[in-house]
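The following exercises are to be worked with the sequence and the three-dimensional model at hand. Each task is followed by a solution in steps.

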Amino acid sequence: VKEARKFGLALFCASQSPAHFSADFMSQTGTKIVLGLDETQYKAAENKLMIPQEALKWIRPQKTLLVNSKLIARYDTGKNVNPWSWVVIPS
């Protein structure tokens, strides 16, 4: 992932558990999308992806999702912050 990114290559990876990817891999990922997780994966997502549990509970299949992108980082707080965006899918 480190080498591919500098050449402009896009890489799409999917899993049903955040535990499937190393912390190093996750730190190199520019955009993360969470479509939903089983409740048994909430703790791993909280720890590895820094997603608040209330955000995970808010996700509804085909209705809502979470997006985290380094491309839309917030700098207004004096530090680079990549908050999770709560997205409603239009019906």
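**Exercise 1. Locate Glu54 and classify its exposure.**

Solution. Step 1: in this predicted model, Glu54 belongs to helix 4. Step 2: its relative accessible area is 52%. Step 3: the cut-off for an exposed residue is over 50%, so Glu54, at 52%, is exposed. Step 4: for a distance across the sequence, take Tyr42, which is twelve residues away from Glu54 along the chain; the two C-alpha atoms are 9.8 Å apart.

**Exercise 2. Set out the elements of the chain in order.**

Solution. Step 1: count the elements, which gives four helices and three strands. Step 2: read them from the N terminus, which yields the order α-α-β-α-α-β-β. Step 3: consider burial; of the 91 residues in the chain, 29% are buried. Step 4: consider the surface; the accessible area of the chain is about 6,700 Å², and carbon and sulfur atoms hold 57% of that area. Step 5: turn to contacts with a separation of 6 or more, of which 48% join residues 24 or more positions apart.

**Exercise 3. Which residues other than glycine have a positive phi, Met50 and Gln62 being the two to examine?**

Solution. Step 1: the phi of Met50 is near 55 degrees, a positive value, and Met50 is not a glycine. Step 2: Met50 sits in the loop that joins helix 3 (42-49) to helix 4 (53-58). Step 3: with a relative accessible area of 65%, Met50 is exposed. Step 4: Gln62, also not a glycine, has a positive phi of about 65 degrees. Step 5: the loop that holds Gln62 runs between helix 4 and strand 2 (64-69). Step 6: the relative accessibility of Gln62 is 76%, and Gln62 therefore counts as exposed, the cut-off being over 50%.

**Exercise 4. Describe the largest nonpolar core and the surroundings of Val34.**

Solution. Step 1: the largest nonpolar core has 13 residues, and those that touch the most other members are Val34, Leu49, Ile51, Leu56 and Leu66. Step 2: helix 3 and helix 4 are the elements that give two or more residues to this core. Step 3: helix 3 provides the largest share, three residues. Step 4: set aside the neighbours of Val34 within four places in sequence; Val34 then contacts Leu49, Ile51, Leu56, Ile59, Leu65, Leu66 and Trp84.

**Exercise 5. Characterise the largest pocket and its lining.**

Solution. Step 1: the volume of the largest pocket is about 800 Å³. Step 2: 25 residues line this pocket, and Cys13, Thr29, Thr31, Lys32 and Ile33 are the closest to its centre. Step 3: two elements, helix 2 (23-27) and strand 1 (31-34), give two or more residues to the lining. Step 4: strand 1 supplies the largest share of the lining of the largest pocket, four residues. Step 5: sorted by class, the lining of the largest pocket holds 16 nonpolar, seven polar and two charged residues.

**Exercise 6. Repeat the analysis for the second largest pocket.**

Solution. Step 1: the second largest pocket has about 270 Å³ of volume. Step 2: among its eleven lining residues, Lys32, Lys48, Leu49, Met50 and Asn68 lie nearest the centre. Step 3: helix 2 and helix 3 are the elements that give two or more residues to the lining of the second largest pocket. Step 4: helix 2 accounts for the largest share of this lining, three residues. Step 5: by class, the lining of the second largest pocket has five nonpolar, three polar and three charged residues.

**Exercise 7. Is Ser85 exposed, partly exposed or buried, and where does Phe12 lie?**

Solution. Step 1: Ser85 is part of strand 3 (residues 85-88). Step 2: its relative accessibility is 27%; buried means under 20% and exposed over 50%, so Ser85 is partly exposed. Step 3: Ser85 and Val67 are 18 residues apart in sequence, and their C-alpha atoms are 5.1 Å apart. Step 4: Phe12 lies in the loop between helix 1 (2-6) and helix 2. Step 5: the relative accessible area of Phe12 is 78%, and Phe12 is exposed. Step 6: from Phe12 to Thr31, 19 residues apart along the chain, the C-alpha separation is 9.8 Å.

Conventions
Residues are numbered from 1 along each chain as its sequence is written. This is a predicted model: local features need pLDDT of at least 70, side-chain atom pairs count only at pLDDT 80 or more; totals for chains, interfaces and linings use all residues. Side-chain values use heavy atoms; hydrogens and water are left out. Buried means under 20% relative accessible area, exposed over 50%, partly exposed in between (1.4 Å probe, protein chains only). Contact means heavy atoms within 4.5 Å. Accessible areas come from the Shrake-Rupley method with a 1.4 Å probe; for residues, only the protein chains shown count as cover. A nonpolar core is a set of buried Ala, Val, Leu, Ile, Met, Phe, Trp, Tyr and Cys residues joined through side-chain atoms within 4.5 Å. On a 1 Å grid over the protein atoms alone, a cavity is a set of points where a 1.4 Å probe fits but cannot get out, and a pocket is an open set with protein on both sides within 12 Å along at least five of seven lines; lining residues have an atom within 4 Å of a point. Grid points are joined across faces, edges and corners, and a volume is the space filled by probe spheres set on the points. Ala, Val, Leu, Ile, Met, Phe, Trp, Tyr, Cys and Pro count as nonpolar, Asp, Glu, Lys and Arg as charged, and the others, Gly among them, as polar.
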